[in-house]
Amino acid sequence: MLSTNGVNWENILIRYDVKTQIVETPEQAAAKMLPTDPLMKAVAEAVLFKKVKEVAPAMAAAMKQYEPAVVINDGLVAGIDAVGKLYADHVYYLPDMMVAAKVMEMGIKIAEKAMGGARETKADVIMHAAEGDPHDIGKNIAAAMMKAAGYNVIDMGRDVRIVDAVAKVEEVKPLFISGTALMTTTMSAFPAEAKLFQEKGLNIPLMGCGGAVNREYATSYPLGIYSAKAPQTALIAAKLLEGYDYKRINDEWDSIVGGA
């Protein structure tokens, strides 16, 4: 019989990937990524540490010294950028992202109210969950991050009919439309939408997202582009603003999204 005397169980009874997955703690991310200005740091920390009750006073204090738009960009966005990094590193998970995105949305509304209305936006984008798909958590997080990045998000919700998505694109002529699908039975809506776009002469990128969708599928239909995670969406949008078409987005996708 083998003896277990002297065995260091600490090195055995641990998932092999736990230590490699966790790159840094939220506190370490804060020290590296958040602004040093105390007022902006308080705003960013409210988002990063999901402090629902602290975002309003932090926003109020920061806006006494800075313009609301500056507080959004240098405070709220800095916080959600750190959240995105922690999510990519498997330190934060979907519930963390949801709460942080909610805190950020609260901050944006406070800033917009102080500005006397909605701020000037970079472009219109449309977001929806595919026809037949009731899952919209990922879409909601991406929408919040796009709003923070300065885009006007037209959120059509979940289980959006193909014809309704196409009609909205025809009406708005957005920078792009994104669709999310968490079920393989619903992701077929995207090539159907893309076909109708082309028939109507709408050369508007259709971003495929969600757990059921991978890069190969999202780029298999005309006009298709791909976002694997919510933080990548704004990076891709910035390139579309620069004039990239969907083919160039796909060709340069790795360099565009980087480590996001």
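Which residue just after α11 takes a positive phi? In this predicted model, the residue in question is Gly243, with a phi of about 110°. The helix that comes before this glycine, α11, runs over residues 230–241. Its buried residues are Ala230, Pro231, Gln232 and Thr233, followed by Ile236, Ala237 and Leu240. The spacing in the later part of that list is worth a look, with one general point in mind. An α-helix has 3.6 residues a turn, so residues three or four places apart point the same way.

How far can the model be trusted? The protein chain has a mean pLDDT of 88, and 89% of its residues reach 70 or more. Confidence is not even along the chain, though: among the elements, helix α1 (residues 18–21) sits at the bottom with a mean of 50, while strand β5 (residues 224–226) comes out highest, at 98.

Next comes the empty space. Rolling a probe the size of a water molecule over the atoms shows where empty space is left. The largest pocket holds about 440 Å³. It is lined by 24 residues, and the closest to its centre are Gly138, Lys139, Gly210, Gly211 and Ala228. Helix α11 turns up again here, as one of the elements that give two or more residues to the lining; the others are α6 (94–114), α7 (137–148) and β3 (177–180). Of these, α7 supplies the largest share, with 5 residues. As for chemistry, the lining is made up of 13 nonpolar residues, 8 polar ones and 3 charged ones.

Ser227 belongs to the loop that links β5 to α11. Because its relative accessibility is just 3%, Ser227 counts as buried. In space, the C-alpha of Ser227 is 9.3 Å from that of Val213, with the two positions 14 residues apart in sequence numbering. A second pair of this kind involves Met40, a residue of helix α3 (residues 38–48). Met40 is buried too, since its relative accessibility is 4% and the cut-off is under 20%. Met40 and Ala58 are 18 residues apart along the sequence, and their C-alpha atoms lie 8.1 Å from each other.

The aromatic rings add some detail. A pair of aromatic rings is described by the distance of the centres and the angle of the planes. There are 2 aromatic pairs in the model. One of them joins Tyr217 and Tyr221, whose ring centres are 6.0 Å apart and whose planes make an angle of 75°, an edge-to-face arrangement. Tyr221 counts as buried because its relative accessible area is 4%. Rings also meet charges: the charged end of Lys50 sits over the ring of Tyr92, at 4.5 Å from the ring centre, and Arg248 lies over the face of Tyr244, at 3.8 Å from the centre of that ring.

Finally, back to backbone angles. Which residues other than glycine have a positive phi? Asp159 is one of them, with a phi near 50°, and Lys173 is another, at about 55°. Asp159 is found in the loop between β2 (152–155) and α8 (162–172), and Lys173 in the loop between α8 and β3. Is Asp159 buried, exposed or partly exposed? With a relative accessibility of 44%, Asp159 counts as partly exposed, because that value falls between the cut-offs of 20% and 50%.

Note on methods:
Residues are numbered from 1 along each chain as its sequence is written. This is a predicted model: local features need pLDDT of at least 70, side-chain atom pairs count only at pLDDT 80 or more; totals for chains, interfaces and linings use all residues. Side-chain values use heavy atoms; hydrogens and water are left out. pLDDT is the predictor's confidence in each residue, from 0 to 100. Helices (H or I, at least four residues) and strands (E, at least two) are DSSP runs, numbered from the N terminus. Buried means under 20% relative accessible area, exposed over 50%, partly exposed in between (1.4 Å probe, protein chains only). On a 1 Å grid over the protein atoms alone, a cavity is a set of points where a 1.4 Å probe fits but cannot get out, and a pocket is an open set with protein on both sides within 12 Å along at least five of seven lines; lining residues have an atom within 4 Å of a point. Grid points are joined across faces, edges and corners, and a volume is the space filled by probe spheres set on the points. Ala, Val, Leu, Ile, Met, Phe, Trp, Tyr, Cys and Pro count as nonpolar, Asp, Glu, Lys and Arg as charged, and the others, Gly among them, as polar. Rings of Phe, Tyr and Trp (its six-membered ring) pair if their centres lie within 6.5 Å; planes under 30 degrees apart count as stacked, over 60 as edge-to-face and the rest as tilted. A charge sits over a ring if NZ of Lys or CZ of Arg is within 6 Å of the ring centre and within 35 degrees of the ring normal.
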